[in-house]
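Student: I am new to this structure and would like a close look at a single part of it. Please take the pocket and what surrounds it, in one connected answer.

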Amino acid sequence: MTGTYEHTLDAKGRLFMPARLREEIGDCFHLAMGSDECLTIYPQSAWEALCQRAELLEEEEDIEAMEVFFAQAYRCVVDSQNRIVIPPQLREFAELEKDVVIVGANNVARIWNAKRWSEKVATYMTPQKMKSLARKVRL
């Protein structure tokens, strides 16, 4: 998935899902805590792959952490106005208030607090970092 989509949450925590993104993830997907103080949108195929990897965990601490992760994850279905509801505990985790950014991130998408996303872009969108990345992945 690719692209950046700027949107706002309404008072009920609803977020509009852009058509281009819906085409890639479908109308039913999972929403969970991300690794960078953001939320991750998992299309069904990515969610199933994650579940399979989670079943292979052997360390008790990892298994316990995944239990919490799955308990906080939600299956989302886009409503008739192309919105999803982001549950309060996930909004709190990612500090989502009003202005949010949805970004494509390879096989998933992420929902960021707009200010935090701007800071990340400023940190990583430099000629030096892009040059280094280009060498590593042959951009």
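Tutor: The lining of the largest pocket is made up of Thr 4, Trp 117, Lys 120, Val 121, Tyr 124, Met 125, Lys 129, Met 130 and Leu 133. The model is a predicted one. The volume of this pocket comes to about 360 Å³.

Two helices stand out in the lining: helix H5 (114–124) and helix H6 (127–137) each give at least two residues to it. H5 has the largest share, with 4 residues. Sorted by class, the lining holds 6 nonpolar, 1 polar and 2 charged residues.

One of the lining residues, Lys 120, leads on to the charged contacts. Side chains of opposite charge can pair when their charged atoms come close. Lys 120 pairs with Asp 36 in a salt bridge, and their closest N and O atoms are 3.2 Å apart. Because Lys 120 belongs to helix H5 while Asp 36 sits in the loop between strand S3 (28–33) and strand S4 (39–43), this salt bridge ties together parts 84 residues apart in sequence. Lys 120 has a relative accessible area of 28%, so it counts as partly exposed. Asp 36, at 38%, is partly exposed as well.

Helix H5 also carries Arg 116, whose partner Glu 95 lies in the loop between helix H4 (88–93) and strand S7 (99–105); the pair therefore ties together parts that are 21 residues apart in sequence. Their side chains meet in a salt bridge with an N to O distance of 2.8 Å. Here the two partners fall into separate classes: Arg 116 is buried, with a relative accessible area of 15%, whereas Glu 95 is partly exposed at 41%. The cut-off for buried is under 20%.

The structure has 4 salt bridges in total. Among them is the one between Arg 14 and Asp 10, where the closest N and O atoms are 2.5 Å apart. Arg 14 is partly exposed, with a relative accessible area of 22%, and Asp 10 is partly exposed at 27%.

To return to the pocket: its lining includes Lys 120, and that residue is joined to Asp 36 by a salt bridge. Helix H5 thus appears twice in this account, as the source of the largest share of the lining and as the helix that holds Lys 120.

Notes: Residues are numbered from 1 along each chain as its sequence is written. This is a predicted model: local features need pLDDT of at least 70, side-chain atom pairs count only at pLDDT 80 or more; totals for chains, interfaces and linings use all residues. Side-chain values use heavy atoms; hydrogens and water are left out. On a 1 Å grid over the protein atoms alone, a cavity is a set of points where a 1.4 Å probe fits but cannot get out, and a pocket is an open set with protein on both sides within 12 Å along at least five of seven lines; lining residues have an atom within 4 Å of a point. Grid points are joined across faces, edges and corners, and a volume is the space filled by probe spheres set on the points. Ala, Val, Leu, Ile, Met, Phe, Trp, Tyr, Cys and Pro count as nonpolar, Asp, Glu, Lys and Arg as charged, and the others, Gly among them, as polar. Buried means under 20% relative accessible area, exposed over 50%, partly exposed in between (1.4 Å probe, protein chains only).
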